[in-house]
Number of protein chains: 2
Amino acid sequence: MNGPVSGNAVAEGPLAILCGGGTLPFTVADMVAQKGRKVFIYALNGWADPKRVEAYPHQWGAIGQFGRFCRFARTAGCRDVVLIGTLIRPSFSQIRFDVATLRVLPQIVAAFRGGDDHLLTGVGRIFENAGFRLLGAHEVAPDILMKEGILGGVRPSARDEADIAFALDVLRATGAFDIGQGVVVADRHVLALEAAEGTDLMLSRIADLKRSGRVRASGGVLVKAPKPNQDRRFDLPSIGPETIEAVARAGLAGLAVVAGGTIVAEPQRVTEIADRTKVFVTGIPDAGLPP
Amino acid sequence: MNGPVSGNAVAEGPLAILCGGGTLPFTVADMVAQKGRKVFIYALNGWADPKRVEAYPHQWGAIGQFGRFCRFARTAGCRDVVLIGTLIRPSFSQIRFDVATLRVLPQIVAAFRGGDDHLLTGVGRIFENAGFRLLGAHEVAPDILMKEGILGGVRPSARDEADIAFALDVLRATGAFDIGQGVVVADRHVLALEAAEGTDLMLSRIADLKRSGRVRASGGVLVKAPKPNQDRRFDLPSIGPETIEAVARAGLAGLAVVAGGTIVAEPQRVTEIADRTKVFVTGIPDAGLPP
């Protein structure tokens, strides 16, 4: 795992946040700003929340306008960049490229081949070639990471612990293939493996399979873990209030994530919802999952 | 893989088919009867097709009436039994047990724990303990198996071949966990992995993800393979006309299955639909997939 950036935050200079959808970019921005570091937001059209962007010096731009981003970040004096927020893998035909982007297009095309990891690692290289340092959100705001132990009052049972261990074995085996980061296990029986559909759709599938009687197992666990070769700077698994709601709707007993390797959006609300829906949320040690 | 039963079919005595849903049990029954072997059908209530059962000496029964099955098969002089046809993993509470079943209940309970393989292997042991020999449908009717090569006129491209090889690597890694037998890959990117939902639901998920723009890959392949430790007597992957229709609806280029390790229901119609929908169907060698 990449170590957190140490030293004086202010000495690192201002931070550019390339901001996608959701609340997480602003949680990170607020944490960074609270430590006295100046934050500039490059807000992605159609993704970033316009209301919350207002709180920071910002500029709007589109995916594909890499040159526009570079000018904005350099003018603001930012060397460090964090990419964060939801963003669906874009279609080539929907992207309007500017000149700077066209120059790096061969790298982008190469990155588009293969799995998500490949895409993101390729993107990272492009920023670095342009003189920026790409950091993980957790490196500038370590408090967004899940810690070891329980959020809320519900604990996993012995059965749940066995299912969590089994699920981690499955994720270790699939991780080499750059597949999803989630698996649902009940009584050491794999109910679902996440690939392109994402965690939320996988969980609603479990709810459907249970409703239709196709899956009869009660309980079960969702386990999410970073992929073994994942570049943790921009693709850590994350959970939030909606994740807990979806786990409860799928009739699962709870959710285990890797401590130090999972982002928790709005931990306070996550805890409240876990207690209300009687779902456990546990941060497990990273042991056995390679960095 | 278990070798086919050799020798004179008639000398093996009559065959009992424990018959679930779909057309496959009757394809097998017809093939066996054509070779001159007498067939008795034990038809599962709610699953077996009542019209087609009429063509054979038969008895109706429920899951859980193991004693009733034993009496029927013994009276008919059957030592060999084939289990075939669709049947959703039943719920304990829905099963009405007879006395013979209650006697083997601890074995059934043990079999219900863990994955599907475990369940089916446990079921096999129960039949064997009662003096029957449980055979795979392909052992009594080898022609139901996919052969090496293409069905129909469409061939996989070089890109498809690379995706098939990648998919086989994925299935080798997941096979140890008794997960599903199917994976969808496009450009060496895993779009979906089958678990409890089954192949049809996995394919309709791909269609949905493509429609919503969440998956933008064109083409891609479905690969199905037996699990490495699968008891091939009663759980070979199978494909049929609906599989090809679903592959086409998902916008995939085609479908690869393991030759000699996959049942093809209605190969004639499979070929017609493959040609009409311009989808390839290929039987690949078993090399590298442990028996």
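The following exchange works through selected features of a predicted model.

Trainee: What should be kept in mind about the numbering and the values?
Mentor: Residues count from 1 along each chain as its sequence is written, while chains are lettered from A and ligands numbered from 1 in the order in which they are written. Because this is a predicted model, local features need pLDDT of at least 70 and side-chain atom pairs count only at pLDDT 80 or more, whereas totals for chains, interfaces and linings use all residues, and side-chain values use heavy atoms, with hydrogens and water left out.

Trainee: How many helices and strands does chain A have, and what percentage of its residues is buried?
Mentor: Helices (H or I, at least four residues) and strands (E, at least two) are DSSP runs numbered from the N terminus, and chain A has 11 helices and 13 strands. Buried means under 20% relative accessible area, exposed over 50% and partly exposed in between, with a 1.4 Å probe and protein chains only. Of the 291 residues in chain A, the buried share is 56%.

Trainee: In what order do the 5 strands of the open sheet in chain B lie?
Mentor: Two strands pair if DSSP finds at least two bridges between them, and the pairing in this sheet is parallel. The edge strands, each pairing on one side only, are E3(B) (58–61) and E5(B) (133–135). The order is E3-E2-E1-E4-E5.

Trainee: Which residue stands opposite Ile17(B) in E2(B)?
Mentor: E1(B) and E2(B) are joined by 5 bridges in the parallel sense. Within E2(B), the residue opposite Ile17(B) is Ile41(B).

Trainee: Which strands of the sheet does H1(B) touch, and what angle does its direction make with that of E1(B)?
Mentor: Contact means heavy atoms within 4.5 Å, and H1(B) packs on the sheet by touching E1, E2 and E4 of chain B. Axes are lines fitted to C-alpha atoms, for helices over the stretch in contact, and angles run from 0 to 180 degrees between N-to-C directions. The direction of H1(B) makes with that of E1(B) an angle of about 170°.

Trainee: Which residues of H1(B) are buried?
Mentor: The buried residues of this helix pack against several elements of chain B, including helix H2 (50–53) and helix H7 (137–140). In H1(B), which spans residues 24–34, they are Leu24(B), Pro25(B), Phe26(B), Thr27(B), Val28(B), Ala29(B) and Val32(B).

Trainee: What is the bridge partner of Asp80(A) in E5(A)?
Mentor: Strand E4(A), residues 80–84, is mostly covered, with 4 of its 5 residues buried. It runs parallel to E5(A), residues 133–135, and 3 bridges join the two. The partner of Asp80(A) there is Arg133(A).

Trainee: Is Arg188(A), with its positive phi, buried, partly exposed or exposed?
Mentor: Most residues other than glycine have a negative phi. Arg188(A), not a glycine, has a positive phi of about 55°, and its place is in the loop between strands E7 (182–186) and E8 (189–193) of chain A. Because its relative accessibility is 47%, Arg188(A) counts as partly exposed.

Trainee: Why is Cys70(A) not bonded to the closest cysteine sulfur?
Mentor: A disulfide is a pair of cysteine sulfur atoms within 2.5 Å, and a search of the whole structure finds 0 of them over all chains. Cys70(A) counts as buried because its relative accessibility is 5%. The closest cysteine sulfur, in Cys78(A), is too far for a bond, because its distance from the sulfur of Cys70(A) is 12 Å.
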